[in-house]
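Welcome! Let's take a friendly walk through a protein fold, with the picture beside you as we go.

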Amino acid sequence: MNIQEKDREYIASTYARFPLTLVSGKGAKVYDENGKEYIDLGSGIAVNVFGYCDDEWVKAVTEQLNKLQHTSNLFYSQPCAELAELLCKKTGMKKVFFSNSGAEANECAIKVARKYACEKKGKDTNVIITLKNSFHGRTITTLSATGQDSFHQDFLPLTEGFVYAEANNCEDLLSLVKENKVAAIMFETVQGEGGVLPLEKEFVDTIFKVAKEEDIITIVDEVQTGNGRCGALYNYMNYGITPDIVTTAKGIGGGLPLGATMLGEKVKDTLKAGDHGSTFGGNPVASAGALSIISRLDDTLLSEVKKKSQYIFKALEGAEGVKSVSGAGLMIGIECEKDALDVISYCRENGVIVIKAKNKVRLLPPINIEWEDLEKAMSVLIKGMR
Ligand SMILES: *Cc1c(COP(=O)(O)O)cnc(C)c1O
């Protein structure tokens, strides 16, 4: 059996994979088993922030790997302590809980918000408002937080206490706040899996206004939008807001599993020893990789992200076969006249990897992609949409 046949035989059938076996890569370029080269505008779903096998990241990871690969959280270790310090200094958040994935980062946020509300207002105040069309993960509780019935139907009953507001509908949000005993409001600033749909500033401001009035915890899910992706270290910064909790994963580890739940002043000490944990959380190798990623996300690089974003939006505006373009920074969704899967296949045949979000073609290129690679990939994509 070849690799694809083995995979289909022995790996649980949860993924509809593209017919492509990837074996090595460098920067934005990746090679399949036949040595064919692709420019990758998907970055392993916003994970490979600096592309494949970035030199500095590889060095940081291998150096740590040759020192100590794991300690458990029974002991102190340097990389996760330094990473937490760096994240707090760069964001103004106060403490960090580390885990291994976006779903886990969100689970922690939900536990923090419920505990805070329970202590402050009593155990009846436990409802979490999330948004329709959101995506927060695949565990039973983060599925419950995910405001899309299609993800729910086969797995009932889910965790109780989640209600869903329509994105960008302030009235709907405010009436849910009135009708429920609300512990937290949780949202993505750009709904990624939902189709790369940014929230309007007015709606986000309304969330923060009512949250302040009612002492409701705000949780911003930056699993996909974060780590430089949208032209700021975290995209909430582009909205000028200060969340109580920020969650992230995907890009933070630059390709190794790592989740982070960043806690603001209000909730920094809500969880006590024994309240939460994760065996691998803050793993030294993943943390060393993350240190290398986060420490390089400076203003110069972030302004490059904005420039590349403007270039892409401009190249797509009015291009033949494009119905609409949405997103922020280097997180972009394209509604095409053709079926998204046909555009994706055309691109793949012509050496460019792009992915899907709902009915759209989604672009999540490495944020340091070379201009030459980006221009070449865009010309293929634009041909593919005609
Ligand atoms: C991908 C994603 C998650 C889930 O992350 P996992 O690491 O797959 O658990 C949660 N929230 C958002 C916004 C995501 O894009």
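In β7, which residue is the bridge partner of Ile-129? The partner is Ile-185. Keep in mind that this is a predicted model. With that pair as a starting point, here is a tour of the sheet, its helices and a patch on the surface.

**The sheet**
- Strands of a sheet pair through backbone hydrogen bonds, in either a parallel or an antiparallel way.
- Here, seven strands make up an open sheet with mixed pairing, and their order is β4-β12-β11-β10-β7-β5-β6.
- At the edges you will find β4 (95-99) and β6 (162-165), each of which pairs on one side only.
- On average, neighbouring strands of this sheet are turned by 20 degrees against each other, direction ignored.

**A parallel pair**
- Ile-129 and Ile-185 bring us to strand β5 (residues 127-131) and strand β7 (residues 182-187), which pair in the parallel sense over three bridges.

**Helices on the sheet**
- Helix α9 (residues 201-214) packs on the sheet, where it touches β5, β7 and β10 (217-221).
- The direction of α9 makes about 160 degrees with that of β7.
- Helix α8 (residues 170-179) lies across β5, β6 and β7, and α8 runs at about 155 degrees to β6.

**A patch on the surface**
- Met-1, Tyr-10 and Ile-11 make a nonpolar surface patch of about 380 Å².
- Met-1 sits in the segment before α1 (3-10).
- Is Met-1 buried or exposed? Met-1 counts as exposed because its relative accessibility is 58%, and the cut-off for exposed is over 50%.

Methods
Residues are numbered from 1 along each chain as its sequence is written. This is a predicted model: local features need pLDDT of at least 70, side-chain atom pairs count only at pLDDT 80 or more; totals for chains, interfaces and linings use all residues. Side-chain values use heavy atoms; hydrogens and water are left out. Two strands pair if DSSP finds at least two bridges between them. Helices (H or I, at least four residues) and strands (E, at least two) are DSSP runs, numbered from the N terminus. Axes are lines fitted to C-alpha atoms, for helices over the stretch in contact, and angles run from 0 to 180 degrees between N-to-C directions. Contact means heavy atoms within 4.5 Å. Patches are made of residues with over 30% relative accessible area and no salt bridge: like charges are joined within 9 Å, nonpolar side chains (Val, Leu, Ile, Met, Phe, Trp, Tyr) within 5 Å. Accessible areas come from the Shrake-Rupley method with a 1.4 Å probe; for residues, only the protein chains shown count as cover. A salt bridge is a side-chain nitrogen of Lys or Arg within 4 Å of a carboxyl oxygen of Asp or Glu. Buried means under 20% relative accessible area, exposed over 50%, partly exposed in between (1.4 Å probe, protein chains only).
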